[in-house]
Amino acid sequence: MLLEKVGAPLALRDVPKPKPGRGQLLVRVSVCAVCRTDLHIVDGELPNPKLPLILGHQIVGRVEEIPSSFGIRASSFAVGDRVGIPWLGWTDGDCPYCRSDRENLCDRAKFTGYNIDGGYAEFTVADARYCFHLPDDYGDVEVAPLLCAGMLGYRSYRKTGDAHRLGIYGFGNAAHLIAQIAIYKKKEIFAFTRPGDKTGQESARKLGAVWAGGSDEMPPEKLDAAIIFAPVGALVPAALRAVAKGGVVVCGGIHMSDIPSFPYVDLWNERVITSVANLTRRDGEEFLKLAPCVPLKTKVETFPLAEANTALEKFRDGQLDRTAVLVISFS
Ligand SMILES: [Zn+2]
Ligand SMILES: [Zn+2]
């Protein structure tokens, strides 16, 4: 499925099978999960995507071919291996960020399904350095949402350090996964949904949240940290008011509406606002090791590839209470 123009629906097209270059794997795509970022790209909220573009950065597939000119690290994957391909698709390896293991901030980073073609397709090529082996405990469909919602959510979670009382604003796919990890780690979850979203609050409580309410409400006690997954800037000052002295507010999304101004006193006393960008390989590896221990459960709804537009529209309209996963060559 091709994005030919920002703002237009994806078009089903026949395109030539991609050829793997040096260091790349040719992967037969099994499934690809849909992410909110895909919507941001279609809507033009992320500037200058490659066009035409194959979206999709939560890809599960099998290695179909490894070129003979593969080069270094040839041993990490073999033909037939199951492989997970995430959002971070390429970095230069030698900028100051890459050299300090912060490749998520690389100046020249390229992203799967944004600057390079992704997984809404039968085949894709991927730089083997950024591909992951996936835990055997999960099927292809179930594991796909771990590749973005899970990994980026995990990076947000890590930024909250040893916070015990953890607020989560926007109780969608990422929150659903991260709350399971936090509860596994014996932390207390305070879930904030859209005001009046009783169903969302109920499902957060079912998952084990000690409190659930609207984002316009204050929690019964001050929080040690909060993660904001909803792309709503006004939640930043709201979350700052909900955290205790020294508390951290982590903005976990790639796009957010403007943050309204707020009095300095809300930030005072060493409260911190930070954002999370992309992922490092270390985040991915740690997270995939942790997932089967929890064990993390994903909630998915499958769509055939040709119905990618339907999946995106349902996601946009808030009609999905689970992660949409496009099924391509699932066997
Ligand atoms: Zn994503
Ligand atoms: Zn770099």
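Begin by selecting helix 4 (residues 149-158) together with helix 5 (residues 173-184): the two pack at an angle of about 55°, and their axes are 9 Å apart. An angle of this kind falls outside the parallel, antiparallel and perpendicular classes, so helix 4 and helix 5 are oblique to each other. Their crossing is right-handed. To display the contact, show Ala149, Gly150, Gly153, Tyr154 and Tyr157 on helix 4, and Asn173, Ala174, Leu177, Ile178, Ile181 and Ala182 on helix 5. Throughout the tour, note that the model is predicted.

**The zinc ion of ligand 2**

Next, select the zinc ion (ligand 2) with its donor residues Asp92, Cys95, Cys98 and Cys106. Asp92 contributes an OD atom and the three cysteines contribute SG, at 2.1 to 2.3 Å. What is the arrangement of the four donor atoms around the zinc ion (ligand 2)? The angles they subtend run from 98 to 119°, which makes the arrangement tetrahedral. For reference, the ideal angle for four tetrahedral donors is 109.5 degrees.

Traced along the sequence, the donors of this ion (ligand 2) have the spacing D-x2-C-x2-C-x7-C. Two of them, Cys95 and Cys106, link distant parts of the chain and are eleven residues apart. Cys95 sits in the loop between strand 6 (88-90) and helix 2 (96-99), whereas Cys106 sits in the loop between helix 2 and strand 7 (110-111). Cys95 and Cys106 are both buried.

**Asn104 and its contacts**

Remain in the loop between helix 2 and strand 7 and select Asn104. With a relative accessible area of 4%, Asn104 is buried. Leaving aside residues up to four places away in sequence, Asn104 touches Leu88, Arg155, Ala277, Asn278, Leu279 and Thr280.

From that group, move to Asn278, in the loop between strand 14 and helix 8. Asn278 is not a glycine, yet its phi is positive, at about 60°. Is Asn278 buried or exposed? Its relative accessible area is 11%, so Asn278 counts as buried.

**The zinc ion of ligand 1**

Now select the zinc ion (ligand 1), whose protein donors are Cys35 (SG), His57 (NE2) and Cys148 (SG), lying 2.0 to 2.2 Å from it. Along the chain, the donors of this ion (ligand 1) follow the spacing C-x21-H-x90-C. Cys35 and His57 are 22 residues apart and link distant parts of the chain. Cys35 is in the loop between strand 2 (24-33) and helix 1 (36-42); His57 is in the loop between strand 3 (53-54) and strand 4 (59-65). The relative accessible area of Cys35 is 12%, and this residue is therefore buried. His57 also counts as buried, at 0% relative accessibility.

**Backbone features**

Two peptide bonds and one further residue complete the tour. Select Leu51 and Pro52, which are joined by a cis peptide bond with omega of about -15°. Pro52 belongs to the loop between helix 1 and strand 3. Then go to Val294 and Pro295, where the peptide bond is again cis and omega is near -20°. Pro295 is in the loop between helix 8 (281-290) and strand 15 (300-304).

Finally, select Glu270, in the loop between strand 13 (243-251) and strand 14 (272-275). Although Glu270 is not a glycine, it has a positive phi of about 65°. Most residues other than glycine have a negative phi, and most peptide bonds are trans. Glu270 is exposed, its relative accessible area being 70%.

Key
Residues are numbered from 1 along each chain as its sequence is written. Chains are lettered from A and ligands numbered from 1 in the order in which they are written. This is a predicted model: local features need pLDDT of at least 70, side-chain atom pairs count only at pLDDT 80 or more; totals for chains, interfaces and linings use all residues. Side-chain values use heavy atoms; hydrogens and water are left out. Donors are N, O and S atoms within 2.8 Å of the metal (3.2 Å for Na, K and Ca); water is not among the atoms, so sites may look incomplete. Four donors count as tetrahedral if all angles lie between 85 and 135 degrees; four count as square planar and six as octahedral if opposite donors are over 155 degrees apart and all others between 65 and 115; anything else is irregular. Helices (H or I, at least four residues) and strands (E, at least two) are DSSP runs, numbered from the N terminus. Buried means under 20% relative accessible area, exposed over 50%, partly exposed in between (1.4 Å probe, protein chains only). Axes are lines fitted to C-alpha atoms, for helices over the stretch in contact, and angles run from 0 to 180 degrees between N-to-C directions. Angles under 35 degrees count as roughly parallel, over 145 as roughly antiparallel, 65 to 115 as roughly perpendicular and the rest as oblique. A crossing is left-handed if the near helix is turned anticlockwise from the far one by less than a right angle, and right-handed if clockwise. Contact means heavy atoms within 4.5 Å.
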